[in-house]
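Hi everyone, thanks for coming. I'd like to walk you through one structure today, so have a look at the picture with me.

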Amino acid sequence: MKFLWLITFLLALVGMIAGDAPCPKGFTSQQSKCVSKRPVHGDCPKGSTYSAKLNLCVHN
């Protein structure tokens, strides 16, 4: 019981780190957004939309 506060703090810290996941596979971080290049003949990868402003596919 003496170390309950330490265990709680460590679990909270692990939760914060796990919640800050990097971009999904195939995407890179650019301007605080997950982006990927759009194929010449095709659509953006699943779960992303095309941004004409950036000329890239932005993950939702």
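I'll start with confidence and the overall layout, then go through the sheet and a few residues in it.

First, please keep in mind that this is a predicted model. The average pLDDT of the chain is 84, and 88% of the residues reach at least 70. Where is confidence lowest, and where is it highest? The low end is helix 1, residues 4–19, with a mean of 78, while the high end is strand 4, residues 56–59, at 92. As a general reading habit, where pLDDT is low, the predicted coordinates should not be read in detail.

Now the layout. In total, the chain has one helix and four strands. If you trace the sequence from the start, you meet them in the pattern α-β-β-β-β. Of the 60 residues in the chain, 17% are buried. And if you take the contacts with a separation of 6 or more, 15% of them join residues 24 or more positions apart.

Let's move to the sheet. In what order do the four strands sit? The order is 1-2-4-3, in an open sheet with antiparallel pairing. Strand 1, residues 28–30, and strand 3 are at the edges with a single partner strand each, so each has one side without a neighbour in the sheet. From one strand to the next, the twist averages 45°.

We can go across the sheet pair by pair. Strand 1 and strand 2 run antiparallel and are joined by three bridges. Within that pair, Gln-30 sits opposite Lys-33 of strand 2. Next, strand 2 pairs with strand 4, again in the antiparallel sense, over two bridges. Here Val-35 has Val-58 in strand 4 as its bridge partner. Then strand 4 pairs with strand 3, residues 48–51, in the antiparallel sense over four bridges. In this pair, look for Ser-48, which stands opposite His-59 in strand 4.

Now for the turns. The hairpin of strand 1 and strand 2 has two residues between the strands. What is special about phi at Gln-31? Phi there is near 55°, which is a positive value in a residue other than glycine. That catches the eye because most residues other than glycine have a negative phi. Ser-32 also lies in the loop between strand 1 and strand 2, and its phi is near 60°, again positive in a residue other than glycine.

Are these loop residues buried or exposed? Gln-31 counts as exposed because its relative accessibility is 57%, and Ser-32 counts as exposed because its value is 75%. The cut-off for exposed is over 50%.

The other hairpin is made by strand 3 and strand 4, with four residues between the strands. In that hairpin, Asn-55 takes a positive phi near 60°.

Let me show you two serines inside the sheet. Ser-36 belongs to strand 2, residues 33–36. Its relative accessibility is 8%, so Ser-36 counts as buried; the cut-off for buried is under 20%. Which residues does Ser-36 touch, leaving out those up to four places away in sequence? The contacts are Gly-26, Phe-27, Pro-45, Leu-56 and Cys-57.

The other serine is Ser-51, in strand 3. Ser-51 has a relative accessible area of 17%, so Ser-51 is buried. Leaving out residues up to four places away in sequence, Ser-51 touches Leu-56 and Val-58. You may remember Val-58 as the bridge partner of Val-35.

Last, the rings. How many aromatic pairs does the structure hold? The count is zero. There is still a ring to look at, though: Arg-38 lies over the face of Tyr-50, at 5.0 Å from the ring centre.

To recap, picture an open sheet in the order 1-2-4-3, with strand 1 and strand 3 at the edges. Add the exposed residues Gln-31 and Ser-32 in the loop between strand 1 and strand 2. Then place the buried serines, Ser-36 and Ser-51. Thanks for listening, and I'm happy to go back to any part of the picture.

Definitions and conventions. Residues numbered from 1 in each chain as written. Predicted model: local features only at pLDDT ≥ 70, side-chain atom pairs only at ≥ 80, totals over all residues. Heavy atoms only, no water. pLDDT = per-residue confidence, 0-100. Buried < 20%, exposed > 50% of the residue type's maximum accessible area, 1.4 Å probe, protein only. Contact = heavy atoms within 4.5 Å. Phe/Tyr/Trp six-rings, centres within 6.5 Å; stacked < 30°, edge-to-face > 60°. Lys NZ or Arg CZ within 6 Å of the ring centre and 35° of its normal. Pairing = 2+ DSSP bridges. Axes fitted to C-alpha atoms, helices over the stretch in contact; angles between N-to-C directions.
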